[in-house]
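Hi there,

Here is the model I promised to pass on to you. Please open it alongside this note, and my findings follow underneath.

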Number of protein chains: 2
Amino acid sequence: MSQFVRPNIRAMTGYTPGEQPQGGGIVKLNTNENPYPPSPRAFEAMIEVLRSDRLRKYPDPLGRAFRQTAGMLYGVDPDGILIGNGSDDILTILTRAFVPEGGLIVSPTPSYLLYATLADIQGARFEGIPFADDWQLPSPWPWRSAHLTLVANPNSPSGTVVSNASLERLANELDGPLIVDEAYADFADANAIGLTRLPNVIVTRTLSKSYALAGLRFGFAITSPATVRELVKVKDSYNCDALSLAGAQAALEDQDYLLQIRAKIIATRTRMTGELRKLDFDVLPSQANFVWATCMKRPAEPIFEELKRRNILVRYMNYAGFGDGLRISVGSDAEIDRLLEELKKLV
Amino acid sequence: MSQFVRPNIRAMTGYTPGEQPQGGGIVKLNTNENPYPPSPRAFEAMIEVLRSDRLRKYPDPLGRAFRQTAGMLYGVDPDGILIGNGSDDILTILTRAFVPEGGLIVSPTPSYLLYATLADIQGARFEGIPFADDWQLPSPWPWRSAHLTLVANPNSPSGTVVSNASLERLANELDGPLIVDEAYADFADANAIGLTRLPNVIVTRTLSKSYALAGLRFGFAITSPATVRELVKVKDSYNCDALSLAGAQAALEDQDYLLQIRAKIIATRTRMTGELRKLDFDVLPSQANFVWATCMKRPAEPIFEELKRRNILVRYMNYAGFGDGLRISVGSDAEIDRLLEELKKLV
């Protein structure tokens, strides 16, 4: 059968997600999950779906109830919201809507590795533009007419942000859509939702990080209603299930809870940044729920391996032409204490 | 923004799923949902996930526990199973893996309308080959080298089946993959899983129909492990959430329950087929959980409209060059009694 697979797919190695050990006993700081549970209101909403007659029926293809809630929360038109099975689904829909075979996807680099994979799957080309010093966007931007330009903000693995003024300048320079991937924006000081008033800006969000619902798979995009009408043609009709729609809506409705766990994560982030620096790591100031730690004195990979041996999983990342480091999720205080304790023995 | 959308997407009208009214009080016989609830074991498994720590973490990208169960049940290698967010997700993955822009998707017609939409989204061409008399495959098959050949078996809207011998002959004639879409196979006398020993056959399944889990979104494909390794590159890493993985696995483990509700649906199907024929409808012998009713004496569309006015939703379908009819899902006995009662007044 493999001779029938498209050559671009055959040639791919495929995106490798962070390890997801399904057992317990591991301090898991490798995929930026939230150390705190989701809002109790999300659980209640899902239990209610399970108790109802709704699971045997198809869900609402457009997620209208969710869109009402999200539109109200963010002050945008509900018809300008696209629902997705995680923000990966949203990014896939955007790729299929805008990027032809042989097209071009551009992103600053180092950033989310999935962007290059999306280009591979679509049979398109990917160009990474190195970030300027201090992790800012180069200006002028060298690729104005990409089919899709993606900026993760806050960026992974760096945790750094670019300002809305920079994003607006980029949007104006581009002759194509600008996707601001705000997977981590709830941990930052600002967001770009206001920029969706520009004709070519789409903001994407996930409930996997700040809302602690990685296992539920829910994300969404904010843009104009006219663009959503085009994107809906590309998505699977029923891309979001009845449980995730209800859980996501309830989670968004519980902003008090979000602010509580956000505050705890930011406090832990500040503390772990200071402690890691004391251990001679270079740690960028992060506005996400992870930090990017590099170490001039010793290679990062053996530290990753040693931590793994001690049941602490962090993400080792090595970018061609850039260098390597450890991306460490902000866990609970106890998890970070455990990490720091082991690191003290190692370095 | 719409000037940046690919021309093939702009030109599409998009797939229109059957209406999904979210309120109650409607006899819903339009999208082949199951009138009975899912297995209690599926509920228990999902409640257990909700009570655990699993929702804040990413799910298993490959769904290994589900694959073990499904592999055992169907007597196939678990590594030859691909998990999907509904079988629509599976069909999307197959399209992206095998069909280049400008490629060709072929299916007998009339059949599942989504196949043509998948071609549109991919920027590919769709060719529908009219079924031969008695809803069998034409032989010889006119398009041997399509990038994807899809046969829904049982077929929608007809509810008819083609034999495994016909499918095997077709698979041998084709110079490309043959997808046997078995969304309704649990209601039929046979299935094509045995044909996945052939090098170019992929069988797809959904839990939306026989397992009464349309709201959960879960489907899967059965083929060779080597093909699954290619398909995994194309799917979103976490395309199935923790709840659907657990619910789907538990549903498959409860074969006694499946057989019970299957028997009830088949009994109702037999009864409604007879009663509809008494009302002068032509009804094909169905092996699915719906019947295809046409009426020589009067046009189908006004009957659909009249039923809708009386809060009974069936699916009116009109295929260019073929004709129209009503596809009516097998509901509960009470629902079918209600339908028959209203039809008696109408015809």
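B:Ser166 sits in helix H6 of chain B, which covers residues 164-173. This is a predicted model, by the way, so please read everything here in that light. With a relative accessible area of 11%, B:Ser166 falls under the 20% cut-off and is therefore buried. Setting aside neighbours within four places in sequence, B:Ser166 is in contact with B:Gln136 and B:Leu137. You may also like to look at B:Ser139: that residue is 27 residues from B:Ser166 along the chain, and the two C-alpha atoms are separated by 8.9 Å.

Next, the two chains. How are they related? A turn of 180 degrees, with a shift of 0.0 Å along the axis, lays chain A on chain B with an RMSD of 0.0 Å. The copies are thus related as by a two-fold rotation axis. If you want a landmark for that axis, take A:Glu101, whose C-alpha is the nearest to it in chain A, at 3.1 Å. As for the interface, 100% of the interface residues of chain A are also interface residues in chain B, so the copies meet through the same surface.

One residue to zoom in on is A:Gln122, which belongs to helix H5 (residues 114-122) of chain A. Is A:Gln122 buried or exposed? Its relative accessibility is 3%, so A:Gln122 counts as buried. The side chain of A:Gln122 makes a polar contact across to chain B, with the side chain of B:Arg96, at 2.8 Å. Beyond neighbours within four places in sequence, A:Gln122 is in contact with residues of both chains: A:Arg6, A:Asn8, A:Thr95, A:Arg96, A:Val99, A:Pro100 and A:Glu101, together with B:Arg6 and B:Arg96. A:Glu101, the landmark by the axis, is thus among the contacts of A:Gln122.

Finally, a helix pair within chain A. Helix H4 (residues 87-98) and helix H7 (residues 225-234) of chain A pack at an angle of about 100 degrees, and their axes are 9 Å apart. An angle of 65 to 115 degrees counts as roughly perpendicular, so that is how H4(A) lies to H7(A). Which residues meet there? From H4(A) come A:Ile93, A:Leu94, A:Arg96, A:Ala97 and A:Phe98, and from H7(A) come A:Thr227, A:Leu231 and A:Val234. By class, this contact has six nonpolar residues, one polar and one charged. A:Arg96 of H4(A) appears in this contact and also touches A:Gln122.

Happy browsing, and all the best!

Definitions and conventions
Residues are numbered from 1 along each chain as its sequence is written. Chains are lettered from A and ligands numbered from 1 in the order in which they are written. This is a predicted model: local features need pLDDT of at least 70, side-chain atom pairs count only at pLDDT 80 or more; totals for chains, interfaces and linings use all residues. Side-chain values use heavy atoms; hydrogens and water are left out. Helices (H or I, at least four residues) and strands (E, at least two) are DSSP runs, numbered from the N terminus. Buried means under 20% relative accessible area, exposed over 50%, partly exposed in between (1.4 Å probe, protein chains only). Contact means heavy atoms within 4.5 Å. Copies are superposed by least squares on the C-alpha atoms of residues with pLDDT of at least 70 in both. Axes are lines fitted to C-alpha atoms, for helices over the stretch in contact, and angles run from 0 to 180 degrees between N-to-C directions. Angles under 35 degrees count as roughly parallel, over 145 as roughly antiparallel, 65 to 115 as roughly perpendicular and the rest as oblique. Ala, Val, Leu, Ile, Met, Phe, Trp, Tyr, Cys and Pro count as nonpolar, Asp, Glu, Lys and Arg as charged, and the others, Gly among them, as polar. A polar contact is a pair of N or O atoms within 3.5 Å; within protein, one must be able to donate a hydrogen and the other to accept it, and residues adjacent in sequence count only if both atoms are side-chain atoms.
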